[in-house]
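Reader: Please take me through a few parts of the structure shown below. I should like to see the reasoning behind each answer.

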Amino acid sequence: MISRMFKRMIVLAVVCMSLITADAQIMQSQLKTAGDEPLLRQWIRTLASDEFGGRKPMTSYENKTVDYIARQLQEIGLEPAFNGSWFQLFNLIAVTTKPVGHQFAVSGKKKAVLRYPDDAMVWTSRAVNQINLPKAEYVFCGFGICAPEYGWNDYEGIDVKGKIVIAMVNDPGYYDAQLFRGRNMTYYGRWVYKFEEARRQGAAGCLVLHNTEAASYAWHVCVNGHLTNNLALYNPETRNADELAVKGWLHEDGARKLFDAAGMDIDKALAEAKKPGFKSFSLKVKGDVKMRVTYNIRETQNVGGILRGTQQDGEAVVLSAHWDHLGIGKADEHGDSIYNGAADNASGMAGALLVAKKMKELPQPRRDLIFLFPSSEESGLFGSEYYCAHPVVDMKKTVACLNFESIGPAELTRDVVILGGGESDLDRYYIAAAAAQGRYIYFDDDNSDGWFFRSDHYNFVKKGVPAVVLENGRYPVDASKPNKYPMPVWYHKPCDEYREDWDLSGTLANINLIFSIGLSLANDR
């Protein structure tokens with residue numbers, strides 16, 4: 001693993017080499033990409049139009065979206081990626097869960113009632129009509145982490161089979177820079193990991209203890225994201241019976257009620273859980289968990305095209321960009337209820353299509369290039385998860401994933417920010433490609449909000465495929481023209497719409513950066 005200091009030395013070296021001619025090289029890079037901008041804008045404008053209804057999977061707008069992408073891939077000259085088809089179909093289950101009486105009653109030394117959804121936000125992924133866990137026991141398992149490489153196991157010495165685990169969000173490094181990777185959150189800090197580990201340990205359920213700072217979002221995000229239609233991959237053989245019966249978030253007030261019912265000091269428990277050597281324990285609080293469940297099973301699809309390489313050993317590079325967004329939902333203050341997703345992720349799709357076009361115009365590469373447009377990224381990275389379990393090319397022969405995620409609009413910057421560096425040789429490709437543009441790479445090691453784990457590339461990383469997150473830089477070439485559309489302004493809002501006054505100079509530079517890296521990976525011996 002590359003040390004943090006060594007990464008910074010690399011960045012400084014590249015900066016020093018490129019400062020003298022940076023402006024001239026950046027301008028030259030811009031001239032080379034000027035012809036791409038009209039096409040890029042056309043794709044973004046179309047995919048983010050009201051006609052596509054926010055591109056929500058399993059709605060009437062899905063077929064319109066995926067058919068359009070397939071037509072573009074065909075016109076570019078790619079082959080269908082999935083055994084002669086442009087589409088990879090798979091099933092999702094959409095579940096809405098309501099506790100009986102909108103509450104959970106528990107008893108220990110005292111009695112308490114957890115109110116839904118104020119104290120606890122719960123759901124299930126099982127294809128059943130009801131969940132019934134009589135006298136379910138609650139167990140506090142610290143962070144709910146089993147990480148031998150960090151010498152940490154919250155499940156050591158405790159049996160959670162058939163019980164409901166309470167696990168704190170984030171990981172110990174958030175509170176102590178000497179633990180794990182400090183503020184650079186590991187996957188162990190993600191709430192989805194807490195569910196995965198509780199399931200491996202045989203628990204009946206898992207409630208992630210919310211904290212606004214540690215989660216990087218407030219309680220209303222937990223509630224609004226899970227009130228209805230909780231999505232999950234669906235296994236028709238098991239009907240998802242092997243999934244946790246109960247998944248959910250526990251508000252801090254709800255946790256205090258549980259500890260109070262147990263006659264225990266929650267503040268002391270939370271403080272101890274942040275230290276090495278913490279021992280998980282039962283709260284000796286029990287209560288019936290009864291929930292009514294409605295569900296339906298729906299089909300969705302990934303889209304993909306392939307540019308065949310000359311090699312016969314089957315290696316490939318995947319370039320991905322999720323096609324889905326949030327659809328039609330709650331109206332904003334202007335009465336707009338269509339979440340068009342222009343930046344997220346019409347810009348990413350347009351970038352991937354542009355790279356596909358540029359690659360097709362070049363001599364045939366050595367390795368295959370797979371252009372993948374996954375479904376259901378916004379709902380839980382389900383499309384890429386399904387692809388990684390059923391890949392066109394085996395994961396062991398997939399040399400990298402280059403993911404296009406919300407890459408525009410962006411002004412041209414002197415630097416390019418990378419999350420997730422220091423894990424593979426992929427770093428040197430980014431450094432070289434940026435230097436060729438007269439720019440430099442800044443390896444950002446603050447992943448305290450877990451952003452590195454929140455897009456499709458991470459399912460490839462979990463399979464051992466190198467990938468990083470590319471973000472726009474911090475230092476505009478023209479400081480008088482800063483980015484007018486920073487992410488907090490538009491992220492997951494109806495105002496994420498295409499505008500003709502978008503500055504795409506940085507967007508195009510970043511697309512060409514990925515193009516250069518993809519070309520090198522496709523031909524590097």
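Author: Helices and strands are here DSSP runs, of at least four residues for a helix and at least two for a strand, and they are numbered from the N terminus. The model is a predicted one.

Reader: In which loop is Arg367 found?

Author: The strand that borders this loop is β17, which covers residues 368–373. On the other side stands α10, a helix of residues 342–360. Arg367 is found in the loop between α10 and β17.

Reader: Is Arg367 buried or exposed?

Author: Residues under 20% relative accessible area are called buried. The value for Arg367 is 11% relative accessibility, and Arg367 therefore counts as buried.

Reader: Which residue has its backbone oxygen 2.7 Å from a polar atom of the side chain of Arg367?

Author: Arg367 touches several residues beyond four places away in sequence, including Leu307, Glu315, Val399, Ala522 and Asp524. Leu521 also belongs to the residues that Arg367 touches. The backbone oxygen at 2.7 Å from a polar atom of the Arg367 side chain is that of Leu521.

Reader: How is helix α13 oriented with respect to helix α16?

Author: Two packed helices are described by the angle between their axes and the distance between the axes. The axes of α13 (residues 426–436) and α16 (residues 505–523) come within 9 Å and cross at roughly 130°. That angle makes α13, relative to α16, oblique.

Reader: How many nonpolar residues does the contact of α13 with α16 have?

Author: The crossing of these two helices, α13 and α16, is right-handed. On the α13 side the contact is made by Leu426, Tyr429, Tyr430, Ala433 and Ala434, and on the α16 side by Leu513, Ser516, Ile517, Ser520 and Leu521. By class, the contact has 2 polar residues and no charged ones, and the number of nonpolar residues is 8.

Reader: What is the angle at which α10 and α16 pack?

Author: The axes of α10 and α16 lie 10 Å apart. The two helices are oblique to each other, and their crossing is right-handed. The packing angle of α10 and α16 is about 50°.

Reader: How many charged residues does the contact of α10 with α16 have?

Author: The α10 side consists of Gly351, Leu354, Val355, Lys358 and Met359, while α16 contributes Leu508, Ile511, Asn512, Phe515, Gly518 and Leu519. By class there are 7 nonpolar and 3 polar residues in this contact, and the number of charged residues is 1.

Reader: With which side chain does the side chain of Ser320 make a polar contact?

Author: Ser320 is found in strand β14, residues 316–320. At 0% relative accessibility, Ser320 is buried. Among the residues it touches are Leu372, Cys401 and Phe404. The polar contact, at 2.7 Å, is with the side chain of Asn403.

Reader: With which side chain does the side chain of Ser125 make a polar contact?

Author: Ser125 lies in the loop between β5 (120–123) and β6 (130–140). With 4% relative accessibility, Ser125 counts as buried. Ser125 touches, among others, Ile93, Asn240, Glu243 and Leu244. The polar contact of its side chain, at 2.9 Å, is with the side chain of Lys247.

Reader: How far apart in space are Thr238 and Lys268, C-alpha to C-alpha?

Author: Thr238 is found in the loop between β11 (230–233) and β12 (246–250), and Thr238 is partly exposed, at 29% relative accessible area. Along the sequence, Thr238 and Lys268 are 30 residues apart, and in space their C-alpha separation is 41 Å.

Key
Residues are numbered from 1 along each chain as its sequence is written. This is a predicted model: local features need pLDDT of at least 70, side-chain atom pairs count only at pLDDT 80 or more; totals for chains, interfaces and linings use all residues. Side-chain values use heavy atoms; hydrogens and water are left out. Axes are lines fitted to C-alpha atoms, for helices over the stretch in contact, and angles run from 0 to 180 degrees between N-to-C directions. Angles under 35 degrees count as roughly parallel, over 145 as roughly antiparallel, 65 to 115 as roughly perpendicular and the rest as oblique. A crossing is left-handed if the near helix is turned anticlockwise from the far one by less than a right angle, and right-handed if clockwise. Contact means heavy atoms within 4.5 Å. Ala, Val, Leu, Ile, Met, Phe, Trp, Tyr, Cys and Pro count as nonpolar, Asp, Glu, Lys and Arg as charged, and the others, Gly among them, as polar. Buried means under 20% relative accessible area, exposed over 50%, partly exposed in between (1.4 Å probe, protein chains only). A polar contact is a pair of N or O atoms within 3.5 Å; within protein, one must be able to donate a hydrogen and the other to accept it, and residues adjacent in sequence count only if both atoms are side-chain atoms.
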